[in-house]
Amino acid sequence: MTIVSGKNIINKARQNSYAIGAFNTNNLEWTEAILRVAQAQQAPTIIAASMGAVKYMGGFKTVVDLIHDLHDDLNITVPIAIHLDHGDFEAAKAAIAAGFTSIMFDGSSLPIDENLAKTQEIVNLAHAKGISVEAEVGSIGGEEDGIIGGGEIAPIPDAVAMVNTGIDFLAAGIGNIHGPYPDNWKGLHLDHLKNITLAVNEAIGHEMPIVLHGGSGIPDDQIKTAISMGVSKVNVNSEAQLAFHEALREFILADHDLEGKNYDPRKLLATGVKGIESALTERIDVFGNANKA
């Protein structure tokens, strides 16, 4: 069994200047695609599920059981973490109880004192079971499961206070956005990332892994620079969704779905799944975590 805590693989990435891809799943096909790519690339990987995906897929336990069962049946030998992405307080507790191995409690929309207090409670619950915890300060731009952020820049005092709760990795807003990036996006605030990293490392006395949300659409050179400055986990969702949609749309518009038994969903969806696999393989190459298992 190579299903592990997120902390196990992210700390190693931080120490060796690469990043772990946190790839959001949406269903069985998506989960299989992530696992196959992780195995083929020998890349430690995080399979993330948002609250919306958990509801769509049938519940927290269903997500955990699906990943465990596919992991075993596909003979996966690389480290895999099962991560709750942008969970609220109740979702975080439910994911801990269901067997997720990594939790993101997103209290960034709350007043900072409430965010800190609830994060501390989640840290206590999760760490008692060997589960890693991610938390956020300075909300990320765009929308994720009803949590809307305007791309705020995380205040450094808030980041320091957050790492002092004992979290394992920190998501901090540095101008990143969920979903496709608009033409007028000005790029990551890398100077602010540097300042956050220096401040939180000094506060806790060791290197704190930083999480980059909204990894789909950020130029590769900026991602690589961010990784060199302490980013050790990069979230990818929209990029895989767009690749799936583009491949499937091309297949249908060419009337390939009308050929033979291509109406069979196993055949119809296969081209979209290949699109996911290609997109994630390319992301792993950028993050530098191939052959790190």
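At what angle do helix α7 (residues 156-163) and helix α8 (residues 190-204) pack, and how far apart are their axes? In this predicted model, the two helices pack at an angle of about 35 degrees, and their axes lie 9 Å apart. Elsewhere in the model, eight strands close into a barrel with parallel pairing, and the largest nonpolar core has 74 residues. The points below take up the barrel, the helices, the cores and some individual residues.

**The barrel and its strands**

- The eight strands of the barrel follow one another in the order β1-β2-β3-β4-β5-β8-β9-β10, with parallel pairing, and from one strand to the next the twist averages 25 degrees.
- Strand β1 (residues 20-24) and β2 run parallel and are joined by three bridges; within this pairing, A22 has I46 in β2 as its bridge partner.
- Strand β2 (residues 45-50) is largely enclosed by the rest of the structure, because six of its six residues are buried.
- In a regular strand the side chains alternate between the two faces of the sheet.
- For β2 both faces are covered, since T45, I47 and A49 on one side are buried and I46, A48 and S50 on the other are buried as well.
- Strand β9 (residues 210-212) runs parallel to strand β10 (residues 231-236), and three bridges join them; V211 is partnered in β10 by K233.
- Helix α6 (residues 112-127) packs on the sheet, where it touches β4 (102-105) and β5 (132-137), and its direction makes about 170 degrees with that of β5.

**Pairs of packed helices**

- Two packed helices are described by the angle between their axes and the distance between the axes.
- Helix α7 passes α8 in a right-handed crossing, and the residues that meet there are I156, A159, V160 and V163 in α7 and H192, N195, I196, A199, V200, A203 and I204 in α8.
- By class, the contact of α7 with α8 is made up of nine nonpolar residues, two polar ones and no charged ones.
- Helix α10 (residues 238-253) and helix α12 (residues 270-287) have axes that come within 7 Å and cross at roughly 145 degrees, and this crossing is right-handed.
- On the α10 side the contact is made by E239, A240, A243, F244, A247, L248 and F251, while α12 contributes T271, G272, V273, G275, I276, A279, L280, E282 and R283.
- The contact of α10 with α12 contains 10 nonpolar, three polar and three charged residues.

**Nonpolar cores**

- In soluble globular proteins, nonpolar side chains tend to be buried together.
- Among the 74 residues of the largest nonpolar core, those that touch the most other members are F100, I103, I167, L170 and F287.
- When neighbours within four places in sequence are left aside, F287 is in contact with Y18, A19, I20, G21, F23, I223, I227, V234 and V236.
- Apart from the largest core lies another one of 13 residues, which includes I10, A22, A171 and V211.

**Individual residues**

- L116 has its place in helix α6, and it counts as buried because its relative accessibility is 17%, a value that falls under the 20% cut-off.
- Outside its neighbours within four places in sequence, L116 is in contact with A161, M162 and T165, whereas L116 and H127, 11 residues apart in sequence, are 16 Å apart in space from C-alpha to C-alpha.
- H86 belongs to strand β3 (residues 80-87), and with a relative accessibility of 1% it counts as buried.
- The C-alpha atoms of H86 and A48 are separated by 9.6 Å, and these two residues are 38 residues apart along the chain.
- S17 is found in the loop between α1 (6-16) and β1, and its phi is near 60 degrees, which is a positive value in a residue other than glycine.
- D255 is found in the loop between α10 and α11 (265-268), and its phi, near 65 degrees, is likewise a positive value in a residue other than glycine.
- At 43% relative accessibility, D255 counts as partly exposed, because this value lies between the 20% limit for buried and the 50% limit for exposed.

Terms used:
Residues are numbered from 1 along each chain as its sequence is written. This is a predicted model: local features need pLDDT of at least 70, side-chain atom pairs count only at pLDDT 80 or more; totals for chains, interfaces and linings use all residues. Side-chain values use heavy atoms; hydrogens and water are left out. Axes are lines fitted to C-alpha atoms, for helices over the stretch in contact, and angles run from 0 to 180 degrees between N-to-C directions. Helices (H or I, at least four residues) and strands (E, at least two) are DSSP runs, numbered from the N terminus. A crossing is left-handed if the near helix is turned anticlockwise from the far one by less than a right angle, and right-handed if clockwise. Contact means heavy atoms within 4.5 Å. Ala, Val, Leu, Ile, Met, Phe, Trp, Tyr, Cys and Pro count as nonpolar, Asp, Glu, Lys and Arg as charged, and the others, Gly among them, as polar. Two strands pair if DSSP finds at least two bridges between them. A nonpolar core is a set of buried Ala, Val, Leu, Ile, Met, Phe, Trp, Tyr and Cys residues joined through side-chain atoms within 4.5 Å. Buried means under 20% relative accessible area, exposed over 50%, partly exposed in between (1.4 Å probe, protein chains only).
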